[in-house]
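Student: I should like to go through this structure with attention to its charged side chains. May we begin once the model is in view?

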Amino acid sequence: MKRRKEGAFKKKVTIKSEIEHIYHEYNGVCGYRTIRVYLNRRGISISRLTVHKYMNQELKFYSITRRRKTVYEKGKTHKVFENKVKQNFTAEQKNQIWCTDFTYLFLTNGSKRYNGSIIDVYDRSIIASITDKHITSERAKHTLQKALDSHSGVNTKTLILHSDQGSQYTSKEFTEYCEQIGIIQSMNKAGCPYDNAPMERYFNTLKNELIYHDYYHNDKKLYLAIEEFAYVKYNHMRHTLIIIIKRLSRRAMGNNFL
């Protein structure tokens with residue numbers, strides 16, 4: 001009986017060790033169902049309830065849940081604009097085409113927050129990022145104004161601002177603001193996220209590399225984390241990648257002349 005108990009104890013320790021290894025290997029994203037699958041692949045057969053018990057009650061591990069997409073409130077549309085970009089996300093120089101959008105985020109208490117960002121298509125750098133409790137035309141205007149203030153000398157008369165057909169961008173308040181400063185608006189086809197691929201890609205990176213790896217208990221922690229990620233980590237990463245691509249292109253062109 002004693003040997004049987006010792007064997008069961010050792011087996012439990014081994015399983016918990018594997019759970020801990022898998023949990024940290026995947027940065028806390030896996031829930032008990034997923035971890036059970038990985039355990040089975042490693043030759044450890046165990047029920048979902050037992051995995052759940054070991055994770056939550058004994059190891060105090062909780063998966064960083066990826067929330068379902070929230071349903072936005074539909075506002076009144078004032079004007080919809082033609083898609084002038086048409087999935088051609090290239091620019092010869094900075095401040096020719098900017099893409100913008102909002103995405104949803106959650107605090108640990110379940111309350112929603114929204115991040116509005118603007119990307120310069122030329123080098124995919126984030127030039128404005130604002131996180132708030134609501135999606136409004138005022139927030140969209142504030143984000144755009146922040147981008148303009150941080151990039152002095154932008155010729156708004158030739159600048160295309162590409163977005164979806166969300167009410168914050170089609171509202172009378174926002175469209176008249178763009179007209180006033182001369183910005184050319186461009187919009188996705190409704191229900192086609194590929195028409196704004198740079199924003200979709202950035203928000204995916206933001207969530208997978210930052211949001212899903214931590215718990216955000218308050219606005220301050222969330223806002224500061226996003227600001228640092230956008231302007232420091234992401235922009236630095238994009239800048240480094242652009243330099244590498246340009247160097248490789250120059251080498252390839254040089255070889256063509258040999």
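Student: Is Asp120 buried or exposed?

Tutor: The model is a predicted one, and the assignment rests on computed relative accessible area. A residue counts as buried under 20%. For Asp120 the value is 0%, so Asp120 is classed as buried.

Student: With which residue does the side chain of Asp120 meet in a salt bridge?

Tutor: Side chains of opposite charge can pair when their charged atoms come close. Asp120 belongs to strand 2 (residues 112–120), and its partner, 26 residues apart, sits in the loop between helix 3 and strand 1. That partner is partly exposed at 34% relative accessibility. The N to O distance of the pair is 4.0 Å, and the partner is Lys94.

Student: How many residues apart in sequence are the parts tied together by Glu179 and Lys79?

Tutor: The two side chains form a salt bridge at 2.9 Å, N to O. Glu179 is partly exposed at 45%, and Lys79 is likewise partly exposed at 32%. Because Glu179 lies in helix 6 (residues 172–181) and Lys79 in the loop between helix 3 (48–58) and strand 1 (97–106), the parts they tie together are separated by 100 residues.

Student: Which residue forms a salt bridge with Asp214?

Tutor: Asp214 is partly exposed, at 31% relative accessibility. Its partner is also partly exposed, with a relative accessible area of 33%. The closest N and O atoms are 3.6 Å apart, and the partner is Lys221.

Student: How many salt bridges does the structure hold?

Tutor: Some salt bridges share partners, and such sharing joins Lys12, Lys16 and Glu58 into one network. For the structure, the number of salt bridges is 14.

Methods
Residues are numbered from 1 along each chain as its sequence is written. This is a predicted model: local features need pLDDT of at least 70, side-chain atom pairs count only at pLDDT 80 or more; totals for chains, interfaces and linings use all residues. Side-chain values use heavy atoms; hydrogens and water are left out. Helices (H or I, at least four residues) and strands (E, at least two) are DSSP runs, numbered from the N terminus. Buried means under 20% relative accessible area, exposed over 50%, partly exposed in between (1.4 Å probe, protein chains only).
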